[in-house]
Amino acid sequence: MSFKVLRPGLLSSLQDIGRIGYQKYGINVSGAMDVLSLRLANILVGNKEDEAALEITMTGPTLEFLSDTLIAIVGANLSPVIDGVAVRMNRPVAVKAGAVLKFGACQKGCRAYLAAAGGYDVPEVMGSKSTYLRGGLGGYQGRALQKGDIVDCGKPSSFGEHTLHFLLMKGARSFRIANWFVNPPHMEDANLAAPIRLTKGMQIEAYKDECVEAFLQETFKVTTSADRLGYRMQGPQIELKAPLEMISEVATFGSVQVPPDGNPIILMADHQSVAGYPKIAQVISADLARVAQYKPGSRMSFRLVSIEEAEEICFEQERYLESVKIAVMSKC
Amino acid sequence: MLNLAEIQALIKTLDNSSIEKFEYECDEYRLSLKKGSSTVAVKKAQAEPTVEEEAADAEEKELIEITAPMVGTFYSATEPGAEPFVKVGSKIDADSVICILEAMKLFTEVEADVSGEIVEILAKDGDLVEYGQPLFSVKAI
């Protein structure tokens with residue numbers, strides 16, 4: 001199974017759950033911005049959850065399938081179309097050799113994940129297929145996809161094989177969708193627009209009380225300087241009580257740090273391994289997926305939660321994924 | 001026809017019981033006994049207008065029930081607020097998606113498997129339905 005890139009789209013790169021265990025050597029974790037959508041897409045095609053998928057950002061690529069492939073698209077609704085016919089998301093789709101997948105208007109969200117049964121056949125670098133774009137590391141030759149690239153898929157699991165043949169046997173001009181799907185909770189309108197939940201940052205005490213209050217009550221705009229490394233936000237100025245010189249220390253995906261200019265930055269998947277700015281808050285792990293779906297220009301608000309609440313929400317999300325996995329297994 | 005002895009026995013049994021009213025009907029006659037009144041009425045059964053009934057039966061025979069192919073929560077549309085897949089009067093064929101059943105976070109589109117016209121929708125959004133539970137009444141056309 002493989003496909004050819006006819007048009008690369010804005011930014012399409014291979015990402016899995018990240019390059020874990022090497023930050024102490026200065027190697028960034030990278031990985032999918034919306035790990036929840038990645039995992040769901042993989043489950044739908046019978047892959048291991050942490051398999052690499054194609055992360056598609058806002059303007060999607062045009063891909064020509066060179067062989068029959070089972071795919072699933074989860075995350076942002078970027079209006080996927082195969083040979084002129086709209087493709088439903090969040091479910092397995094059997095695509096025939098020769099079919100061309102295109103994307104159109106960005107209707108909701110920011111990043112979509114295209115999983116293929118069998119995953120993507122690229123070398124693992126330090127245990128991961130994620131692309132660290134700035135470092136030219138991993139993924140498809142260390143970079144985003146370009147016109148002319150041919151991306152190979154691995155060997156599908158038996159679920160993937162079976163589902164592909166089952167769907168194609170039902171008859172397909174270019175593709176055939178399964179009659180079952182998932183409904184990712186974080187992409188539901190009400191949930192997506194709800195305040196982003198965070199826990200207190202390690203240096204929250206260093207900030208002026210009225211600024212912390214403003215941080216939790218006002219809305220912030222995602223500026224155009226928002227990418228895989230971090231989202232620069234614009235809103236009320238967040239000021240320290242007194243100047244603070246910090247030794248660079250741990251920072252992670254979701255850390256909200258505030259540089260001297262007073263505009264918070266939410267560190268994202270390509271965050272640096274250590275950071276020197278004080279951290280006011282930490283986005284809870286369960287809400288990272290939602291942050292990844294906010295586009296430049298959109299507005300975000302924040303809500304403080306306890307560590308216990310953050311854990312419970314995380315467990316809830318894991319329970320959801322378990323339910324989906326069990327339900328999908330019954331479709332074999 | 002019951003004979004006198006039988007009717008007497010019936011009256012006696014009725015008297016000794018707490019039954020206030022007793023009615024018995026067969027092809028040729030109808031017997032009605034009521035406690036407290038001194039009259040016993042025996043009426044000749046009226047020939048029921050059978051034409052209407054037959055017609056009704058014939059119509060009912062044409063109604064097909066689409067039942068749930070699995071246990072799940074019934075939804076009439078692809079998402080809350082969206083147009084339902086079908087309404088009363090919608091024409092469907094075997095491939096038409098008529099509803100969604102959700103189980104364990106997985107949503108399955110249910111296909112009609114029959115052709116016809118929706119006469120009645122027997123479940124509502126959010127109902128937990130059993131395997132085999134009737135969901136739609138369809139008139140074959």
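The legends below describe close-up views of a predicted model.

**View 1. The open sheet of 5 strands that draws on chains A and B.** Antiparallel pairing runs through this sheet, whose strands follow one another in the order β13(A)-β8(B)-β7(B)-β5(B)-β10(B). Its edges are formed by β13 of chain A, residues 180-182, and by β10 of chain B, residues 128-129, each of which pairs on one side only. In general, the strands of a sheet are held in register by backbone hydrogen bonds, in either a parallel or an antiparallel sense.

**View 2. The hairpin of β7(B) and β8(B).** Strand β8, which covers residues 106-111 of chain B, runs antiparallel to β7(B) and is joined to it by 6 bridges. Within this pairing, L101(B) has T108(B) of β8(B) as its bridge partner. The hairpin leaves 2 residues between the strands, and M104(B), which lies in the turn, has a positive phi of about 50°.

**View 3. The pairing of β5(B) with β7(B).** Here residues 72-75 of chain B, forming strand β5, pair in the antiparallel sense with residues 97-103 of chain B, forming strand β7, over 3 bridges. One position to inspect is T73(B), which stands opposite E102(B) in β7(B).

**View 4. P69(B) in the loop that precedes β5 of chain B.** This proline belongs to the loop between β4, residues 63-67, and β5 of chain B. P69(B) is classed as partly exposed because 14 other C-beta atoms lie within 10 Å, a count that falls between the limit of 12 or fewer for exposed residues and that of 20 or more for buried ones. The C-alpha atom of P69(B) is separated by 47 Å from that of E28(B), a residue 41 positions away along the chain.

**View 5. The open sheet of 6 strands in chain A.** The order of the strands is β7-β6-β9-β4-β1-β11, again with antiparallel pairing. Strands β7, residues 85-86, and β11, residues 150-152, are the edge strands of this chain A sheet, and each pairs on one side only. At the β11 edge, strand β1, which comprises residues 2-7 of chain A, runs antiparallel to β11(A) and is joined to it by 3 bridges. Within these two strands, F3(A) stands opposite V151(A) in β11(A).

Notes: Residues are numbered from 1 along each chain as its sequence is written. Chains are lettered from A and ligands numbered from 1 in the order in which they are written. This is a predicted model: local features need pLDDT of at least 70, side-chain atom pairs count only at pLDDT 80 or more; totals for chains, interfaces and linings use all residues. Two strands pair if DSSP finds at least two bridges between them. Helices (H or I, at least four residues) and strands (E, at least two) are DSSP runs, numbered from the N terminus.
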